[in-house]
Amino acid sequence: MSKSADPTNNSAPSPLSCSRTPRYYTGVSLEPEVTRYLDDLSRRMRMNRSWVLNTIVHEYARFIEQKNITPLASTQEIIRL
């Protein structure tokens with residue numbers, strides 16, 4: 001994985017990006033139905049797909065494995081699984 005920032009990104013920052021946490025840009029392969037659900041969820045939450053995926057992983061670690069990998073920006077930003 002390479003660590004990089006995109007200074008040309010003109011989209012609104014996500015709540016997690018405001019925390020100045022470094023980001024790793026990766027590519028993943030998702031099944032079509034997972035992609036459709038992720039797109040729908042991100043539209044309904046009005047958040048980008050990266051934010052949704054990061055939040056899902058954070059919440060999985062917290063609730064299923066009882067691990068706090070890093071704190072989220074606020075409790076209002078947590079996906080209710």
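Here are a few exercises on a predicted model, each with a worked solution.

**Exercise 1. Get your bearings**

Work out how many helices and strands the chain has, and which pattern they follow along the sequence.

*Solution.* Start by counting: the chain holds 2 helices and 2 strands. Then walk along the sequence, and the pattern reads β-β-α-α. Next, look at burial over the 81 residues of the chain: 20% of them are buried. Finally, take the contacts between residues at least 6 apart in sequence; 28% of these join residues at least 24 apart.

**Exercise 2. How do the two helices pack?**

Decide whether α1 and α2 are roughly parallel or roughly perpendicular, and find the residues that make the contact.

*Solution.* Two packed helices are described by the angle between their axes and the distance between the axes. So grab those two values: helix α1 (residues 32-45) and helix α2 (residues 49-63) pack at about 100°, and their axes are 9 Å apart. An angle of 65 to 115 degrees counts as roughly perpendicular, and α1 and α2 are therefore roughly perpendicular to each other.

Now for the residues. On the α1 side the contact is made by T35, L38, D39, L41, S42 and M45, and on the α2 side by R49, W51, V52, L53 and I56. Sort them by class and you get 7 nonpolar, 2 polar and 2 charged residues.

**Exercise 3. Zoom in on S42**

Find out whether S42 is buried or exposed, and which residues it touches beyond its sequence neighbours.

*Solution.* First place the residue: S42 sits in helix α1. Its relative accessibility is 10%, so S42 counts as buried. Then skip everything up to four places away in sequence, and S42 still touches M47, N48, R49 and V52. One of these, V52, is also among the α2 residues in the contact between the helices.

**Exercise 4. Check up on α2**

Test the length of α2 against what its residue count predicts, then look at its start and its buried residues.

*Solution.* Length comes first. At 1.5 Å a residue, the 15 residues of α2 should span 21 Å, and the C-alpha atoms at its ends are 21 Å apart, so the two agree. At the start of the helix, a side-chain oxygen of N48 comes to within 3.1 Å of the backbone nitrogen of S50. As for burial, the α2 residues W51, V52, T55, H58, E59 and A61 are buried. Helix α1 is part of what covers them.

**Exercise 5. Two odd backbone angles**

Explain what stands out about the phi of R46 and of Q66, and say where each residue lies.

*Solution.* Keep the background in mind: most residues other than glycine have a negative phi. R46 has a positive phi of about 60° although it isn't a glycine, and Q66, not a glycine either, has a positive phi of about 50°. Location next: R46 is in the loop between α1 and α2, while Q66 is in the segment after α2. Last, accessibility: R46 is at 75%, so it counts as exposed, and Q66, at 61%, counts as exposed too.

**Exercise 6. Where does I69 go?**

Work out which residues I69 contacts, leaving aside neighbours within four places in sequence.

*Solution.* I69 lies in the segment after α2. With a relative accessible area of 46%, I69 is partly exposed. Leave out the neighbours within four places, and its contacts are V57, H58 and A61. Of these, H58 and A61 are among the buried residues of α2. For a distance check, use E59, which is 10 residues from I69 along the chain: the two C-alpha atoms are separated by 9.4 Å.

Methods: Residues are numbered from 1 along each chain as its sequence is written. This is a predicted model: local features need pLDDT of at least 70, side-chain atom pairs count only at pLDDT 80 or more; totals for chains, interfaces and linings use all residues. Side-chain values use heavy atoms; hydrogens and water are left out. Axes are lines fitted to C-alpha atoms, for helices over the stretch in contact, and angles run from 0 to 180 degrees between N-to-C directions. Helices (H or I, at least four residues) and strands (E, at least two) are DSSP runs, numbered from the N terminus. Angles under 35 degrees count as roughly parallel, over 145 as roughly antiparallel, 65 to 115 as roughly perpendicular and the rest as oblique. Contact means heavy atoms within 4.5 Å. Ala, Val, Leu, Ile, Met, Phe, Trp, Tyr, Cys and Pro count as nonpolar, Asp, Glu, Lys and Arg as charged, and the others, Gly among them, as polar. The expected span of a helix is 1.5 Å times one less than its number of residues. Buried means under 20% relative accessible area, exposed over 50%, partly exposed in between (1.4 Å probe, protein chains only). A polar contact is a pair of N or O atoms within 3.5 Å; within protein, one must be able to donate a hydrogen and the other to accept it, and residues adjacent in sequence count only if both atoms are side-chain atoms.
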